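Please open the model in your viewer and keep the selection panel at hand. The stops below move from one selection to the next, with a short account of what each one shows.

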Amino acid sequence: MTLAGKKIAILLAPRGTEEPEFVEPKHAVEAAGASVIVIGVEAGEVKTVNNDLEPGSSFSIDKAITDVSASDFDGLIIPGGSVGADTLRGNAQIVSFVHDFFAQQKPVGVICHGPWILVEADVVTGRTLTSYPTVSTDIRNAGGTWVDQEVVTDKGLVTSRTPDDLPAFCAKIIEEFAEGQHPAQARSA
């Protein structure tokens, strides 16, 4: 499956993004032919983490959230990491950016604690998704159905639980990004 010509955004928090949940999906969609743009709160270098507590590598932000729009992209990847996801959901511009992907019926892949941002963006109602187990109550309280599965797809939204699920997650986001827009996606936005 090819993603040639597709432009995919991936979020990177100022601190606390889980490194494998950023690196592996990014590399997978690039290997499928997509152009990937790293979006952050502001431009610069940021450090990731491993297992939430161990220092990770440094990565560059390609564009600040103030310089992009969901209309610039064909899909979005939201990595996890509890600190990273919590930081991103506290940024109104990031939350609005995420919401706009749903309003524009574009595919979104989210893993681990990333669904916190979906809850904040008010796009969970009526959807079935998975996440890191401690996010399950937040998903249910936001009107979603939480299931404990490796990967879940619901109207263009792909979710997974942990780094252990990355092979299935990466394969499914490539499939959804290749399919493109999902008219049912906007119903929850």
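Two strands are said to pair here if DSSP finds at least two bridges between them. With that in mind, and remembering that this is a predicted model, begin by selecting residues 44–50 and 54–61, which are strand 4 and strand 5, paired in the antiparallel sense over six bridges. At one end of the ladder Gly44 stands opposite Ile61 of strand 5, while Asn50 faces Glu54 of strand 5. The two strands form a hairpin with three residues between them, and within that turn Asn51 has a positive phi of about 55°.

Add strand 2 to the selection, and an open sheet of three strands appears in the order 2-4-5, with mixed pairing. Strand 2 (15–18) and strand 5 stand at the edges with a single partner strand each, so one side of each is left without a neighbour in the sheet. From one strand to the next the twist averages 45°. Now show helix 1, which packs on this sheet and touches strand 2, strand 4 and strand 5, its direction making about 55° with that of strand 2.

Next, turn to the interior. Which residues touch the most other members of the largest nonpolar core? Of its 33 residues, these are Leu11, Ile39, Leu76, Ile78, Phe97, Val98 and Leu118. Several elements supply at least two residues each to this core, among them strand 1 (7–11), strand 3 (35–40), strand 7 (75–78) and helix 4 (115–120). The largest share, six residues, comes from helix 3. Centre the view on Phe97, and, leaving aside residues up to four places away in sequence, you will find that Phe97 touches Ala9, Leu11, Ile39, Ile65, Val68, Ser69, Ala70, Phe73 and Leu76. A second, separate core of 24 residues includes Val38, Ile77, Phe169 and Cys170.

Finally, select residues 166–179, which make up helix 6, a helix of 14 residues that reaches 20 Å from its first C-alpha to its last, close to the 20 Å expected at 1.5 Å a residue. The buried residues of helix 6 are Leu166, Ala168, Phe169, Cys170, Ile173, Ile174, Glu176 and Phe177, and what covers them includes strand 1, helix 1 (19–31), strand 7, strand 8, strand 11 (151–154) and strand 12 (157–160). Just after helix 6, Gly180 takes a positive phi of about 85°.

To set these stops in a wider frame, select residues 6–176, which UniProt lists, in an unreviewed entry, as "domain: DJ-1/PfpI". The end C-alpha atoms of that span lie 12 Å apart, and the span is 33% helix and 30% strand.

Conventions:
Residues numbered from 1 in each chain as written. Predicted model: local features only at pLDDT ≥ 70, side-chain atom pairs only at ≥ 80, totals over all residues. Heavy atoms only, no water. UniProt positions renumbered as here; feature names shortened; annotations may be inferred. Helix = DSSP H or I, 4+ residues; strand = E, 2+ residues; numbered from the N terminus. Core = buried A, V, L, I, M, F, W, Y, C linked by side-chain atoms within 4.5 Å. Buried < 20%, exposed > 50% of the residue type's maximum accessible area, 1.4 Å probe, protein only. Contact = heavy atoms within 4.5 Å. Expected span 1.5 Å × (residues − 1). Axes fitted to C-alpha atoms, helices over the stretch in contact; angles between N-to-C directions.
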